[in-house]
Amino acid sequence: MLRCPDPSCAAAVGQDMINSLANEEDKEKYGRYLRRSYIEDNRKTKWCPAPGCEYAVEFVVGSGSYDVNCNCSYGFCWNCTEEAHRPVDCATVSKWILKNSAESENMNWILANSKPCPKCKRPIEKNQGCMHITCTPPCKFEFCWLCLGSWSEHGERTGGFYACNRYEAARQEGAYDESERRREMAKNSLERYTHYYERWAANQSSRQKALGDLQSLQNDKLEKLSDIQSQPESQLKFIIEAWLQIVECRRVLKWTYAYGYYLPEHEHAKRQFFEYLQGEAESGLERLHQCAEKELQIYLEAESPSKDFNDFRTKLAGLTSVTRNYFENLVRALETGLNDVGPSTSQSTGIKNTTSKSLGGKSKTGKNRASAAGSKSGSSSRGVDDSNIWTCDQCTYVNPRSAKACQACDHQHR
């Protein structure tokens, strides 16, 4: 949109004029600004928000999801440009990120774990010792932690150093009900938030560790494994697929904790079912992660080709397939608001049978009812020979034909 700098001239300055008149530095700067203006004026393109990334991403309309992946391997939400966050919507992500960075939790902690000095009103934390509290200088007021009364009025007649009968009497009369209620509410709120945040952060940390392990595998370990097991690297791609699935599942599992935090407390049936699904997802992911990490290490440390390496291939590929199918169905269930959950008429169940079917659970006949994304024998994993495997009727785990019992749940093969 450059124009001639003379105010009386409306002539446009185009790229041809820049190329013919400007020096190399200005040409490069013009090209950079031209690309930036094209990206920022185009509704279908955005800059990748990853730090240091210079790629622009084009959004394909009708792709069915707002999660996009840049060539730099960073995934983000097209709507809000935050990290990819399915199954949580953008509004929930915004609230969660704001809560994690806000001062509200500091205030909750102060309210839950401290009391104001009766004289100067500064908050004081009691972490040890008796009920005799002395405020910090310059106040130095001495008071009872329980009833907040002056310590000079306390002694053996008020219950001694470790009790306060004034407080107990006043509490029975209801004098401390409101302040205690507020403190208890703040404590419960803080404990609930801490529960969800710690698990959210733990899965984020596990995801970062998995990304590092994946990079190490691609850069070094895969070639080493190929030499030890005398197999081409193209035949070992099932290991890369497993680690990519672990990274994706860690991201999904992380955001389920933000989902759970904002799930209404009064919807008992939905909360109960959500926690069940989340627990099953965690245990399934842990099985996959352990197989890809611990069991793979055995073959990396071997000195010669292992006879049971093909069994390991079948097991890891099967676990990858089962975990992928479960998490895809979990995401769909949470994105639809757990609509398959019945009315909360009974706190113990309140769940329709169709829900367990749609998530790859067992039907009345005991057979696995997987979604269209999966298959009964786990054959969606590439490189798996159906004639050498069988699928557990109880947990859908894909086992090698030689196994007499399921390697995941010990269910006997019929």
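This tour moves through the aromatic pairs, the charges placed over rings, and the cysteines of the structure.

The model is predicted. A search of the whole structure yields 22 aromatic pairs, and two of them serve as stops here.

**First stop: Tyr193 and Tyr261**

Select Tyr193 and Tyr261 and display their rings. The ring centres are 6.1 Å apart and the planes meet at 75°, so this pair is edge-to-face; the cut-off for that class is an angle over 60 degrees. Colouring by helix shows what the contact joins: Tyr193 belongs to helix H6 (residues 177-229), while Tyr261 belongs to helix H7 (residues 237-261). The two residues are 68 residues apart, and the pair links distant parts of the chain.

Next, consider solvent accessibility. Tyr193 has 8% relative accessibility and therefore counts as buried. Tyr261, at 10% relative accessibility, counts as buried too.

**Second stop: Phe238 and Phe309**

Now select Phe238 and Phe309. Their ring centres lie 6.2 Å apart with the planes at 65°, so this pair is edge-to-face. Phe238 is found in helix H7 and Phe309 in helix H9 (residues 309-335), so the contact ties together parts that are 71 residues apart in sequence. Phe238 and Phe309 are both buried.

**Third stop: the cluster around Tyr193**

Return to Tyr193 and extend the selection to Trp96, Tyr196, Tyr197, Trp200, Trp255, Tyr257, Tyr261 and Tyr262. Ring pairs link these residues and Tyr193 into a cluster.

Two charged side chains should then be added to the view. Which ring lies under the charged end of Lys99? That ring belongs to Tyr193, and the charged end of Lys99 sits over it at 5.3 Å from its centre. Arg192 is placed over the face of Tyr261, 4.6 Å from the ring centre. Tyr193 and Tyr261 are the residues whose edge-to-face pair was shown at the first stop.

**Last stop: the cysteines**

Finally, select the cysteine sulfur atoms. How many disulfides does the count give? The count is 0 disulfides. Cys9 is in no disulfide, and its nearest cysteine sulfur, from Cys4, is 3.8 Å away. A disulfide requires sulfur atoms within 2.5 Å, so a separation of 3.8 Å does not qualify. With 30% relative accessibility, Cys9 counts as partly exposed.

Move on to Cys72, which is likewise in no disulfide; the nearest cysteine sulfur is that of Cys70, 3.7 Å away. At 29% relative accessibility, Cys72 counts as partly exposed.

Methods. Residues are numbered from 1 along each chain as its sequence is written. This is a predicted model: local features need pLDDT of at least 70, side-chain atom pairs count only at pLDDT 80 or more; totals for chains, interfaces and linings use all residues. Side-chain values use heavy atoms; hydrogens and water are left out. Rings of Phe, Tyr and Trp (its six-membered ring) pair if their centres lie within 6.5 Å; planes under 30 degrees apart count as stacked, over 60 as edge-to-face and the rest as tilted. Helices (H or I, at least four residues) and strands (E, at least two) are DSSP runs, numbered from the N terminus. Buried means under 20% relative accessible area, exposed over 50%, partly exposed in between (1.4 Å probe, protein chains only). A charge sits over a ring if NZ of Lys or CZ of Arg is within 6 Å of the ring centre and within 35 degrees of the ring normal.
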